[in-house]
Every structure is written in C-alpha cells, then in structure tokens.
There are 2 protein chains.
Amino acid sequence: MKQGWQLNRKSEIPLYLQIKHLLKEKIRLGEWSIGTTLPSQRKLAQLLDVNRSTVVEAYEELMAEGLIEGVQGKGTRVVNNTWNVIQSEIDWNSYVIESTYKPSKPLIQKINEAEFSPSIIRLGTGELGKELLPIGAMNDLISNLKIEAHHLGYEEPKGSLELRQAVCKHVQAFGIHTSPSSVLIVSGALQAFQLIASGLLKQRASILAESPSYVFSINAFQSANVQLHNVPIDQIAKNPSILAKLKAQHNASLFYTIPTFHNPTGFLYTEEQRQNIVHACQSSQLPIVEDDVYRELWIDTPPPPTMKSMDQSGNILYIGSLSKLVSPGLRIGWIIGPETVINRLADLKMQVDYGASSLSQAVAERWLSSPDYYNEHVNWVRISLKERRAHFLHLLDTYFSSFATWSVPTGSFYVWVRLQKELSLHRLFDVALKNGILINPGSIYEERDASYLRLSYSYESKERIEQGMKQLASCIQSMIG
Amino acid sequence: MKQGWQLNRKSEIPLYLQIKHLLKEKIRLGEWSIGTTLPSQRKLAQLLDVNRSTVVEAYEELMAEGLIEGVQGKGTRVVNNTWNVIQSEIDWNSYVIESTYKPSKPLIQKINEAEFSPSIIRLGTGELGKELLPIGAMNDLISNLKIEAHHLGYEEPKGSLELRQAVCKHVQAFGIHTSPSSVLIVSGALQAFQLIASGLLKQRASILAESPSYVFSINAFQSANVQLHNVPIDQIAKNPSILAKLKAQHNASLFYTIPTFHNPTGFLYTEEQRQNIVHACQSSQLPIVEDDVYRELWIDTPPPPTMKSMDQSGNILYIGSLSKLVSPGLRIGWIIGPETVINRLADLKMQVDYGASSLSQAVAERWLSSPDYYNEHVNWVRISLKERRAHFLHLLDTYFSSFATWSVPTGSFYVWVRLQKELSLHRLFDVALKNGILINPGSIYEERDASYLRLSYSYESKERIEQGMKQLASCIQSMIG
C-alpha cells in the first residue's frame, strides 16, 4: 500500500488536500472499489508522516462528498465514486467471502505482512539469512549460463530432462535409485502438496500427519476438502503401528511426515523407527509422503537414510527442494514416485501453470551439476549453522532458562521452545511485534497446545538475534509477571 | 519414458533379455507400481528400435514369472513384483481416478505428448518459434544481472515491487493507470485463471465466455466446479446486451473475454464494441476478465484501447503476460484489479506456491525496463509475423482453397480455418499425427462445431510450415475423398 504515497511538502497545496486527492484517485481508478476498507486514520498518519488531524480533515471532506462512510467499530469504507453516483458497482468483497479456497490463517497473514518491514527482527523465519545464501556462486553460474531457445520456451510436462537427470543423480546419495520418468519438477514443495491434494485425493479424504507439523500451518489440503488427523510425533516414534490403527479408523489415504529435522520440532527419526514406520504403512497399504527438504542441513552427523530408500513397492512419494539450502526464490522442488502418480501430477502441473520457470530450472540444473560450488556451499552452511546454534543456545540459557525448556536440534533451523507457563500466544505475538520482533507461535502448527514457540537461528545476523532474544524474553516475562 | 532406455547392441546379452531386465528394474524400483499399464509391444519396439518379436519375447518371460499380465483389449499390466509376491501394494490408479481435479482433455494430453517429439511439425502451436525469441537480448540482460540476496529469497506476496512498478509503466501505453498495490505477479496467465477460480468464485458459479474460446481447452474453471456458458462471439460483437440477459439467466459471476486477437479466431473487437461491452457489463454488474496477452502482437495497425482503460469502477480484472511476446519459459504474467481482489489473490498465490520465481521476476523487470531491447524485439516480431502471415496465406490459397475458408488475422499467431465439409476432427488429428503433423482441432475450443482448425504461422520455420501444410492438405483431401 505504501507505493505512490508521496506528499510534496514544498507544494502550496495543503497536505490534507494532497491526501484527499491521493485517496480520491485510488477510488476513481477503481483500485479501491466500493466496500473497500480504508486504512485507519492513525495508520495513514503514520504512513505519511503527518499529524492525525491532517488525515481526519481529508477523510471528513471525502465523507462530505459522499465517497466514504465511517461505520462505528468497522472503520471507514468506500461507498461511492466520483464520476457517477448512481453507477452500479461490483461488490468484490462478497466474491471473496463466498469463494472456495480458504484464506491464510490470520496469524499467517500477519506474519506474511510483517516480514516485509525491514526493521522487524524475524526470529521465526525458516530460511537461510542473506549471509548464508550462495550469492557469489549463483552469480558465476548465472553469468555463465548460455541462454538458448529452450531456456525461453516451455519445458516438458515433467520438467527439464537435464534437471530431472541431475535430481536422480543427486538423490542417489540418499539411497534413492530412480529414473527421470519418475521425477516431477515442481515450483517448490508447497506446490507438491497442492498437486497431491487435488490430483490424488478424493473429496473428504483423510490424511494423517504428525502433531505438531508444518502442514497445519498451510491450507493446501484443507482447501481441497481433505481432512487432517494429527498423531503425536512421540507416539509415532514409539509405536508406529498406531498409524495402521488410525488408517483403519479414519480411512486415511496418506501419511504426511517430515522424518528428518522435522518442522517445527527439529525431531529426527532413527533408522529403526523409519524402518518400522515404512513397514507399518506398507503392510496397511497407507502411502507415505516423505517431506525431506531439510536433509542436507545436518550439523553434527549425517541423518539416517531416507524412508524412500527403504521403499520397495512405490509406496512413498518423496519431496525434495532447493529452497532450504540454496535459494527459496528459485522456486524449484521435486516429487519422486511411481510413474502412474508422476504422470498424473505432471498433467496437473501443466494445467495449473504450464510448468516451473525454465530459467529457474536451468539454474537449478547447473547448481546440482556443479559439485565444487555445491560442496563448498553446503559445508559453509553446516559450519555456520553450528556456530549459530551454539550462539542461540547460549542466548536461550542466558535469557530463557527461567521460564522455558528446549532440546538441542541436530540439524536445520529451528528450536522448539516450550514455555513452562501457558500464556496467550496471540497476545505474545502482538506484543512482540509491537516491540519489533516477529515470532512463529506454536499454535500455527497444532491447534491445541498453547505453550510452544518455533524460533530460528538461521535467518537474522547474530547481533540482531541477540537483540531480539533479549527483547522477546522481556516481553514474555512481562506477560507471565 | 524414453530416458534410460538404452540397449547395448555390442553386449553378449541378447536384446530381449536386456529389455526384460529394463522392465524388471522399473517394476522392482516401484516406478511401475502394480496396475501400471506397460507400453504396447509395438510402441516399445519402435522406441527401442528392435523387432516387435524381441519385445514379445521379453514380455512373455515376465508373464511367465507372474510379474505382468495381458488383458484382452486393455493392454499389459503390472500385477506383481519380484521381491515378495504376497506383499500388499498401493493401487495408485484408484487414487488418480477418484481425485478431484479433472485430467486434461485426451486431445490436449496427446498434443502435450507429441510436442516433445522433435521431428513433428507443429502447425497448431501458439508460441513464437525459436528464431523469433529474443535470445541475444536475454543473454545480455541475464549475464548483466547482478545477483543479490533478494534474487535468491522470496519476494513480497504480490511479487517484486520493481517488477510491479515496471508493469504499471508498461500498461500506461495501453491506457491503464494503476499503482503497484493493484498488481499481482503470477506464473503466467493460466495461473491467473486458477487463482480467480478458487479465490473469487463460489461452488457451482457460472461464467460466460466467448464461443469458441481458449478457455474451453483448459480445466481451470471446470475443475473448480465452475460452469462455463458459451456465447457466440459474433453475437457479442453485434449485440453486447446479450451479456446482461445471459448474466441474469445463468446468474453469471464473470465474463471472460480475449478482446484483442482472440484465441483461437484472431477476432478483434472495435473500439465501439468494446465500449458497448464494458457498458453492458457495468450496468448489469457483471465483472469482466480481460485476457490481453496478445496485444503487442499487432501486424497491421495498433489495436483499439483495452477494455480496462474504459473501466471507471474496478469492474475489470486485466491479465497480461510475457509469454507470447518474449518468453513462455519465464512464466511471468500479471493481474491488475481492485485492491480487494488483488490482496485476496496474492494471499492465495502465497498459499499455492509462495510466489513466482524471483529470478524470472528480476529478468522480467529488466526486460520491461529496457526499452531499447524491448522495442527492437517487438518491431522484429511484427515484421516477421507479417512475412509469415503472407507466406501462410499464400499456402492456404495454394493448397486449401478447394475445401476451406478463412479470414485474415490482423495480429498474433492464428488462422481459424473452416473446412467446408464436416469431418471427424479426431480422425484428422490422428491421421495428421501419423504423417508427422500436429494440429489443434477446433473442437478443443468449442464442443459443438466440428469444422474448424486453429493453425499457427508463428512456431515452425517457413520451410517446415510449407511441408506441413502440403501434407495436411493431402490428409484432409484423402478424408473428404
């Protein structure tokens, strides 16, 4: 909303009139259609760096002209437009409200919005920070990329053959032996869920997922009318046969799991647990979606083999991505599975967006096929995460030990911090945000528990993390009194 | 399927055993799960360049081992796998069949598949051919792109601000005055339809569309349970008030139109027709989706203004794209509309794929902000299309005039050719394909009429177009006798 909101402080036109003109233009051009809620006077004053009374004056004039209307407790809305008061208007709000896809959860919307304020310290963000991205290597790879016609045209439905070949080679190190025809390139792992939800599941299907889980923070399955049943992650680890029982009980179609550096808990299944889970699912005919996007981010020792490497019967759909290790912005991931499934999802991918960016695919292929760059980067990321983790644990000890517990993650970005006293995580989120700190409350990942935070040591600089953790601790302490 | 299918002709292992081994590996690795249909013996023999009898031998051995089974009239299927014959297996086919999203129409699937055989002459493809893509310019822009952290990270929900600013500037030339907050970057126009279908329309909503129309060739709306009602394009042109009538009759939520160089007919609404349509829709509160991806491809004179430029009330959602003029592979398009709509669709875009490739967005921004490259390219494309059109019309005169009619397009890629005798377009498609020619039958774009073909002069070289047109004419003549 900020764009184009510039006042000319040297102009002879009074500021309130300039504001009035700005708002009127928005309405006249149809950018703010009838029914649109205007920013609050306070917020607009802040945005434009003027006194609130200046904004009040502008709003009053527009009200007098019958363009906007204030409704008690509901803010100010556009009710008309300048050029023709009797002209009929589309009520877009009702289109939005009645449509099928769920909006993001309110907390997720707030996070998405806050992420783009540069001053905010992002303590919850699950990405590599700027210093950890392979900017130099990417510059080399991209400037050496000789653009040819096929980089500008469409790729095959399953994605560029060269990239799929590179993926096949890449996952061999994870014990997965497959051929390009069983690989589909997707625009990130999130899209993989979308394709699975609408390409493999029937209306009102059920799927099982660990609780807590990343999957509860998104609507990919819910918006396709698929129900998620959560299974406590420690129960699965102890007794995988619970999956068979719940499969029967809910007639579940899939089990979604993040077995390696689980998001948000950082949990890692042992090799034996993996085998037991694969076996339980195999014998009860419950397919597994193995979300393995964090595998390369081990810190101490390499993780146990993939579940997919234990799969002898096409029972597992395996998801990988470049987003966590290399570049979220490339939007490149992959699904590996039986050809029946891959063919179906490839047809669907063509229907939703005609394939991932050919340019991103070319760069991804170069990246996977350049072991020098790859290895140097991954080693550097592991060393940096180790340092960052140590620093973060030290901060937790220093500032959080009186009111929280946590366990030490062995890879990836997250510490799943448990607050010993329950408190309103929504309120904590708001209070922290007011103090310039963005956190991911645990309630995003499970509905019941109100005592966890997902904190991340990967995104911000150490200095900002320290500043943020201090601040966050004092927010929490002020709330628990 | 072709990948990894290599026989070693110098080996001492007989070819049929090599083939058997290849197939067995596919089954063993779970790439061909139980229920998967194997390629026909004829097709496989062709693919591997062996005698059919060699393939038959391999199949027979696998049948003897109980791994595959031939069912009369239904082909050969995987019924078991090697390592454990009593092991239970997921029936992925039933997952696919029962899931919600429709598969592509069979003819579209065939086209998608045939497009990647290099020897096929593609007479229906609506893209610029290799020689018309700006490969040199793109090489310059990309190698000069200084990669920074933000190119590798996520962009804002609506897309990169720089790109949205460039889009705002770009569409000013089309009479559209808007600000970046009313622009959403999408991964091509096709995704725009997906977002509109699930973000603005309710279950069982109706939309109106020209008949014929590109929109009937895709499932974006149908898979979201939205019904398409077709309105003959000449009726709309003559009497736009029919839209108001049909809106009332079907309680329609939108009118989808391609007013400029319509796909597939090449039709162009006059300025007056546009005004009348905009007015009719405005006064009956029927929003318009204006698909304007072909605008820059005029050949003779610039087209009339956009409908969006006549929109005073946020009634029109405007869709543009770089795919038709610059690069389909970048997967970059945009939607311009009221903020209420754009905010909603941006939230949805974040939910389906976390945004378009940041790298593609950066290149798109560079492209739109480099008038020298842009203008040189667009001029060259116009000159080339003019030449190609002349050549194509000459071929039509020479080879098609005894059995077909057509009108001369004033822009874009397509000639909508009417066959004077009705014949089975499906059969013609198959016959042409056997002769190495890929066409787009008109039946893809409308269900009733069986007498049109969408031919394109933009994709193949002139030599191949000539060869293809000759061949196609003889296929048609052999069918009409």
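In which helix of chain B is B:Arg389 found? B:Arg389 sits in helix H15, residues 371–400 of chain B. The model shown in these views is predicted.

**View 1. B:Arg389 and its surroundings in helix H15 of chain B.**
B:Arg389 counts as buried, because its relative accessibility is 9% and the cut-off for buried is under 20%. Its side chain reaches the backbone oxygen of B:Pro409 at 2.7 Å. B:Pro409 is also one of the residues that B:Arg389 touches. The others are B:Ile299, B:Asp300, B:Val408, B:Thr410 and B:Tyr457, leaving aside residues up to four places away in sequence.

**View 2. Chain A as a whole.**
Chain A holds 17 helices and 15 strands. Its C-alpha trace spans about 75 × 60 × 50 Å along the principal axes. The radius of gyration of chain A is 25 Å, which agrees with the value near 23 Å for a compact globule of 481 residues. Of those 481 residues, 63% count as buried. Take the contacts in chain A between residues at least 6 apart in sequence: 71% of them join residues at least 24 apart.

**View 3. The contact between chain A and chain B.**
Chain A gives 110 residues to the contact, and chain B gives 109. The size of an interface is often given as the accessible area lost when the parts come together. Here the two chains bury about 9,400 Å² between them. Carbon and sulfur atoms account for 56% of that area. Across the interface, 60 residue pairs are in polar contact, with both residues at pLDDT 80 or more. On the side of chain A that touches chain B, helix H13 (residues 339–353) of chain A supplies the largest share, ten residues. That side of chain A divides into 45 nonpolar, 46 polar and 19 charged residues.

**View 4. A salt bridge between the chains, A:Glu339 with B:Lys26.**
Side chains of opposite charge can pair when their charged atoms come close. How many salt bridges are counted between chain A and chain B? The count is four. In the pair shown, A:Glu339 and B:Lys26 have their closest N and O atoms 3.0 Å apart.

**View 5. Two salt bridges within chain A, A:Glu156 with A:Arg164 and A:Asp311 with A:Lys308.**
A search of the whole structure finds 35 salt bridges over all chains. In the pair of A:Glu156 and A:Arg164, the closest N and O atoms are 3.5 Å apart. A:Glu156 is partly exposed, at 25% relative accessible area. A:Arg164 is buried, at 1%. For A:Asp311 and A:Lys308, the closest N and O atoms lie 3.2 Å apart. Are these two partners buried or exposed? A:Asp311 counts as buried at 8% relative accessibility. A:Lys308 is buried too, with a relative accessible area of 9%.

**View 6. A salt bridge within chain B, and a network across the chains.**
B:Arg295 and B:Asp292 meet through their side chains in a salt bridge, at 2.7 Å from N to O. B:Arg295 is buried, with a relative accessible area of 5%. B:Asp292 is buried as well, at 4%. Elsewhere, salt bridges with shared partners join three residues into one network: A:Lys26, A:Glu31 and B:Glu339.

Technical notes
Residues numbered from 1 in each chain as written. Chains lettered and ligands numbered in written order. Predicted model: local features only at pLDDT ≥ 70, side-chain atom pairs only at ≥ 80, totals over all residues. Heavy atoms only, no water. Contact = heavy atoms within 4.5 Å. Buried area = accessible area lost by both parts, 1.4 Å probe. Polar contact = N/O pair within 3.5 Å; in protein donor to acceptor, adjacent residues only side chain to side chain. Helix = DSSP H or I, 4+ residues; strand = E, 2+ residues; numbered from the N terminus. Nonpolar A, V, L, I, M, F, W, Y, C, P; charged D, E, K, R; others polar. Rg over C-alpha atoms; globule rule 2.2 N^0.38 Å. Buried < 20%, exposed > 50% of the residue type's maximum accessible area, 1.4 Å probe, protein only.
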